[in-house]
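Me: Hey, I've got a structure open and I'd like to talk it through. Can you help me read it?

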Amino acid sequence: MPIRIRTTEKHPHPIWEQLIKEFPVSEIQGFVFTCTDDELIEATKSSDSNIPIQCLEAVEYDNEEEFIPENIFTNEEWLNKIKSANFFGSSLLLLSYMPNDTVLFKLHEVVKNGNEINFNSVTDFQDEVAFIDWWRSIKKLGQTKPTVEARPRQALTVFDDIIERNGFSWGGNMDGFILNNLNNAVIATIEVRQSRSFPIERYDPANYFSGTQRKGGDFKTWLPMVYLKKAYGVPIVLLTLSTKSGNKFGYTEVNSINYNRIFYQNDVPPTANITEDFGVFKKWLLTLTSQN
């Protein structure tokens, strides 16, 4: 079997494919804030950038020969992940699992060495107790709501099963960061939301901020992105998709949140910016990111 990457993401929409072609985009599956919910709320209010962040990817493989960087991500993808992690004051970590190994998990730091990507050993977790002790030390935010659509993708690797069996959750994934290659700075956070019930003209995530019968509210989902905006000056770009609307998509900038609602920049919801033309969105995005 090929290497299995721990992921919750699935981006089949043409807008995402075009975005990663035309902009340096980094996706980090484990973007973990080492703080409590209350600490993150207070840091967001004060625009305090001192919250420790851990950037983590995880892979499962079947033999040692498979475990090489190019079998997991392209060199460009690795470099973008490292740049994003470094921008937020973190190194990029990689958690690995091989069935029938002498240890449960291995933890590596992913580093750039000339034109190559290397995995430097950090530590081994002999068993679940050792791993969960470490996980408890870095993952302090509460899980806001259970995953639904992403559950089959999570089940392709062992990580979520072990974490959840011990009363924790993975959480913490970011859909994407856009980078400025001139200075390796993160210049935007991308959040993708998709509806399976409404056409794009009627789909506004603000309508579901307080939650539904099936899903919890969005305050803690948006809070990490608002924190990054306040503490690091990184704007939040919301992309809305719909399985009922073909290649059309909506877009806007998220300004802030409170406990009850989400605030869009200039009160412009994504339903006011709907197009199939990537060029229209690109022009808007370049204007937005040039201001930061």
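Me: Of the contacts with a separation of 6 or more, what share comes from residues 24 or more positions apart?
Reply: That share is 70%. Keep in mind that this is a predicted model.

Me: Ok, and how many helices and strands are there?
Reply: The protein has eight helices and 13 strands. Its radius of gyration is 19 Å, close to the 19 Å that the globule rule gives for 292 residues, so the protein is as compact as a globular protein of that length.

Me: What box do the C-alpha atoms fill?
Reply: Roughly 55 × 40 × 40 Å, if you take the box along the principal axes.

Me: What percentage of the residues is buried?
Reply: Buried residues make up 50% of the 292. As for the surface, the protein exposes about 13700 Å², and carbon and sulfur atoms supply 47% of that area.

Me: What about charges, how many positive and how many negative?
Reply: There are 29 positive and 38 negative charges. If you take the mean position of each set, the two points are 7 Å apart.

Me: Switching topic: how many disulfides are there?
Reply: The count comes to zero.

Me: Why is there no bond for C35?
Reply: Because the closest cysteine sulfur, in C55, is 13 Å from the sulfur of C35, and that's too far for a bond. A disulfide would need the two sulfur atoms within 2.5 Å. Looking from the other end, the closest cysteine sulfur to C55 is the one in C35, again at 13 Å.

Me: Is C35 buried or exposed?
Reply: C35 is buried, at 1% relative accessibility. C55 is buried too, with a relative accessible area of 0%. The cut-off for buried is under 20%.

Me: Let's look at E57. Where does it sit?
Reply: E57 lies in strand β4, which covers residues 53–60.

Me: A glutamate in a strand, ok. Buried or exposed?
Reply: E57 counts as buried, because its relative accessibility is 1%.

Me: So which residues does E57 touch?
Reply: Leaving out residues up to four places away in sequence, E57 touches E27, I28, Q29, F73, K81, L92, L93, L94 and L95. Here's a distance to try in your viewer: from E57 to L104 is 16 Å, C-alpha to C-alpha, and the two are 47 residues apart in sequence.

Me: Next, D218. Which loop is that in?
Reply: D218 is in the loop between β9 and α7, and that helix spans 219–232. D218 has a relative accessible area of 3%, so it is buried.

Me: How many Å separate D218 and I262 in space?
Reply: Their C-alpha atoms are 8.9 Å apart, while in sequence D218 and I262 are 44 residues apart.

Me: Now phi angles. What is the sign of phi in N184?
Reply: Phi of N184 is positive, about 60 degrees, although N184 is not a glycine. You'll find N184 in the loop between β8 (174–180) and β9 (185–195). With 33% relative accessibility, N184 counts as partly exposed.

Me: And what is phi near in N266?
Reply: Phi of N266 is near 60 degrees, so to speak another positive value in a residue other than glycine. N266 is found in the loop between β12 and β13 (274–275).

Me: Is N266 buried or exposed?
Reply: N266 is exposed, with a relative accessible area of 64%. The cut-off for exposed is over 50%.

Me: Where is R261?
Reply: R261 is in the loop between β11 (249–257) and β12 (262–264). Its relative accessible area is 41%, so R261 is partly exposed. From R261 to A272 you go 11 residues along the chain, and their C-alpha atoms are separated by 18 Å.

Me: Last one: which helix holds S137?
Reply: That's α4, residues 128–138. S137 is partly exposed, with a relative accessible area of 36%.

Me: And what separates S137 from W222?
Reply: Along the chain, S137 and W222 are 85 residues apart, and their C-alpha atoms are separated by 23 Å.

Notes
Residues numbered from 1 in each chain as written. Predicted model: local features only at pLDDT ≥ 70, side-chain atom pairs only at ≥ 80, totals over all residues. Heavy atoms only, no water. Buried < 20%, exposed > 50% of the residue type's maximum accessible area, 1.4 Å probe, protein only. Helix = DSSP H or I, 4+ residues; strand = E, 2+ residues; numbered from the N terminus. Rg over C-alpha atoms; globule rule 2.2 N^0.38 Å. Contact = heavy atoms within 4.5 Å. Areas by Shrake-Rupley, 256 points an atom, 1.4 Å probe, with all protein chains shown as cover. Lys, Arg positive; Asp, Glu negative; His and termini not counted. Charge placed at Lys NZ, Arg CZ, Asp CG, Glu CD.
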